[in-house]
Amino acid sequence: MEFKRVVVTGLGALTPIGNSVPEYWDSLINGVSGAALIKSFDTTNFKTKFACEVKNFDADAFLGRKDARKLDPFVQYALFSTEEAVKDAGLDFEKLNTNRIGVIWGSGIGGLKTFLDEVVNFAKGDGTPRFNPFFIPKMIADIAPGHISIKYCLRGPNFTTASACASSNNSLIDSFNYIRLGKADMFISGGSEAIINEAGIGGFNAMHALSTRNDDPATASRPFDLDRDGFVAGEGAGTIILEELEHAKARGAKIYAEMIGGGMSADAYHMTAPHPDGLGAALVMKAALEDAGLKPSDIDYVNVHGTSTPIGDPQEVKAIQDTFGDDVYRINISSTKSMTGHLLGAAGAIEAIAAILATKNDIIPPTINHFTDDPAFDPKINFTFNTAQKRVVRIAQSNGFGFGGHNASVIFKKYED
């Protein structure tokens, strides 16, 4: 069968470096770090005292105090970024067939803050189960797309993808597939996460996964740097409106880019560590290329998973070298997690937005915080260190890898009618 074409017609973002897409993109190309000492709880007894928190977000002002109290932060973030994307896409749902518009949303953990608060309150009590009636509906990971669909009366496919840090890449791939198969006209897709709290930071500290560079948070996320010591936790949301091309043209929509492929794979190796040879990462990039009908020489930019962990970064570079061969020296690579931190289930969404805007604007956002070359990496590879680079970006690929060995990679192309 002939697949339908899928385009991007709206974007929304709530990130540690900007509460809208224009703010986010401006911070990306200017190399702004979102890391700072944590303000949301007392970190006195924690190994890591900093993170990339969302800043100046007022849930009460956005939702009203009564409604905000019924929603975990990860849902608040989802609704906020989605409102921007809906406005950006110029959507008037009263004029559209909402039975053919769905919501597929990614979240690796869901309502961790809600779960933490309710369990702490129970533990402090006398053993009588006094739980908030909104406890379960605030916490469950699938509630974000539920609320989005309720707000806009969208009755198409509606669910959450949960594959750790690959979650929102998976949400984009599922949305893409439904549309190109003709099963829907449009999807609100993306992801959100809100894990900067005692349980989130404490849990990742217990795994020795986080950077502990408390004396210099702004430079703590150092992908591909010799002195990287772990990832920096981030939070926020990213929304992408994916739409069937003819449907978009019929309503006169502006088009950012075309989504042309996606791949998925499993490491089948370890609970948290990537395959030492980058096997799963190479498989997923090759699968995405095959799905898009591309050769390695067609890619101009790869927004890498690049978390700044000692073992994760080398494995991804091995996979990139395996996938691209000599073309690895022609492409640009960058990790925008050096600026945003790691948004876990929302990482794929905001990084896909970065890849989309790179194709639209012909600018590669940098990998900041590079101070010392790691001899493990070929110095001829262009990691786009510290400064954004201008170049024609016809096709961009974006990777996401998650605990459990989940891998998902998406590909976007400069739109041509």
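Helices here are DSSP runs of at least four residues, numbered from the N terminus. With that in hand, let's walk through this predicted model.

**Stop 1: the largest pocket.** Select Ser-40, Pro-73, Gln-76, Tyr-77 and Lys-113, which lie nearest the centre of the largest pocket among its 36 lining residues. The space in this pocket comes to about 880 Å³. Now colour strand S2 (36–37) and the helices H2 (59–63), H3 (65–68), H4 (73–88) and H5 (112–124): each gives at least two residues to the lining. Which of them supplies the largest share? That is H5, with four residues. Try colouring the lining by class as well, and you will find 14 nonpolar, seven polar and 15 charged residues.

**Stop 2: the second largest pocket.** Next, pick Thr-272, Pro-274, Thr-309, Gly-312 and Phe-403; of the 35 residues lining the second largest pocket, these lie nearest its centre. About 550 Å³ of space is found here. Helices H11 (279–292) and H12 (312–324), together with strands S13 (395–402) and S14 (406–413), each contribute at least two lining residues. By class, this lining has 14 nonpolar, 18 polar and three charged residues.

**Stop 3: a patch on the surface.** Finally, select Met-1, Phe-3 and Leu-181 and switch on the surface view. Together they make a nonpolar patch with about 350 Å² of accessible area. To find Leu-181, follow helix H8 (167–180) into the loop that leads to strand S6 (186–193). Is Leu-181 buried, partly exposed or exposed? Its relative accessible area is 37%, so Leu-181 counts as partly exposed, between the 20% and 50% cut-offs.

Technical notes. Residues numbered from 1 in each chain as written. Predicted model: local features only at pLDDT ≥ 70, side-chain atom pairs only at ≥ 80, totals over all residues. Heavy atoms only, no water. Patch = residues over 30% accessible without salt bridge, like charges linked within 9 Å, V, L, I, M, F, W, Y side chains within 5 Å. Areas by Shrake-Rupley, 256 points an atom, 1.4 Å probe, with all protein chains shown as cover. Salt bridge = Lys/Arg side-chain N within 4 Å of Asp/Glu carboxyl O. Buried < 20%, exposed > 50% of the residue type's maximum accessible area, 1.4 Å probe, protein only. 1 Å grid on protein atoms, 1.4 Å probe; cavity = no way out; pocket = protein on both sides within 12 Å on 5 of 7 lines; lining within 4 Å. Points joined across faces, edges and corners; volume = space filled by probe spheres on them. Nonpolar A, V, L, I, M, F, W, Y, C, P; charged D, E, K, R; others polar.
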